[in-house]
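Here's a quick briefing on how the strands and helices fit together in this one. Have a look at the model first, then read on.

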Amino acid sequence: MAAQRHYEELARQLSAIGAVKRGLGRGLPHDCPGGSAAVLILLDRHGEMRMSRLAELLAVDMSVTSRHVAHVAEKKWILRDPDPADKRSRILRLTPEGKAKVNELSDLSIRTLTHYLHDWSDDEVVQLSTLLARLRDSFGDCRAASARLPLEETTRTPA
């Protein structure tokens with residue numbers, strides 16, 4: 001197990017990730033804010049799904065998900081078809097225009113990362129990707145209530 005001081009430094013570095021995410025978000029096209037981009041990317045990655053599943057993946061409540069879905073549907077980037085198994089529900093799926101927007105977002109992300117990480121080696125980029133994936137896996141489904149640590153086991157570390 002790593003020393004406490006290493007966890008403290010990790011907590012500080014992770015809090016700075018917000019600045020990186022905001023920097024990436026500033027480069028998004030004006031017609032596709034972050035929430036809309038997340039909807040499109042998740043539908044591309046996971047395929048068609050119900051709005052409830054999308055809300056789970058976004059880790060936000062249904063009202064926020066509904067606003068994002070309404071925006072991308074208005075742009076004709078997704079379809080909201082009746083669910084054959086439950087006519088009260090809708091199945092969300094990308095349109096060809098939505099897939100084109102996902103490709104645009106992907107290209108933009110790659111160009112942005114290439115710009116900011118131009119002095120990183122391929123090995124360093126791979127190492128960061130590997131470690132971030134491992135970090136995410138270590139947390140598992142952090143949206144679940146059962147994933148929270150009991151109060152007596154948590155330690156507060158200044159960010």
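What follows covers the sheet, the helices that pack on it, and the place where those helices meet.

Keep in mind that this is a predicted model. At its heart, for this briefing, is an open sheet of 3 strands with antiparallel pairing, and helices α2 and α4 both come into the story, with axes that come within 9 Å.

**The sheet**
- Reading across the sheet, the strand order is β1-β3-β2.
- β1 (49–50) and β2 (78–83) are the edge strands, each with a single partner strand, so one side of each has no neighbour in the sheet.
- β2 and β3 (residues 86–94) run antiparallel and are joined by 6 bridges.
- If you want a spot to look at, find aspartate 83, whose bridge partner in β3 is aspartate 86.

**Helices on the sheet**
- Helix α2 (residues 34–46) packs on the sheet and touches β1, β2 and β3; the direction of α2 makes about 95° with that of β3.
- Helix α4 (residues 62–74) packs on the sheet too, touching β2 and β3, and its direction makes about 115° with that of β2.

**Where α2 meets α4**
- How do the axes of α2 and α4 cross? They cross at roughly 80°, and angles from 65 to 115 degrees count as roughly perpendicular, so that is the label this pair of helices gets.
- On the α2 side, the contact involves Gly35, Ser36, Val39 and Leu40; their counterparts in α4 are His68, His71 and Val72.
- By type, the residues of this contact split into 3 nonpolar and 4 polar, with no charged ones.

Note on methods. Residues numbered from 1 in each chain as written. Predicted model: local features only at pLDDT ≥ 70, side-chain atom pairs only at ≥ 80, totals over all residues. Heavy atoms only, no water. Pairing = 2+ DSSP bridges. Helix = DSSP H or I, 4+ residues; strand = E, 2+ residues; numbered from the N terminus. Contact = heavy atoms within 4.5 Å. Axes fitted to C-alpha atoms, helices over the stretch in contact; angles between N-to-C directions. Parallel < 35°, antiparallel > 145°, perpendicular 65-115°, else oblique. Nonpolar A, V, L, I, M, F, W, Y, C, P; charged D, E, K, R; others polar.
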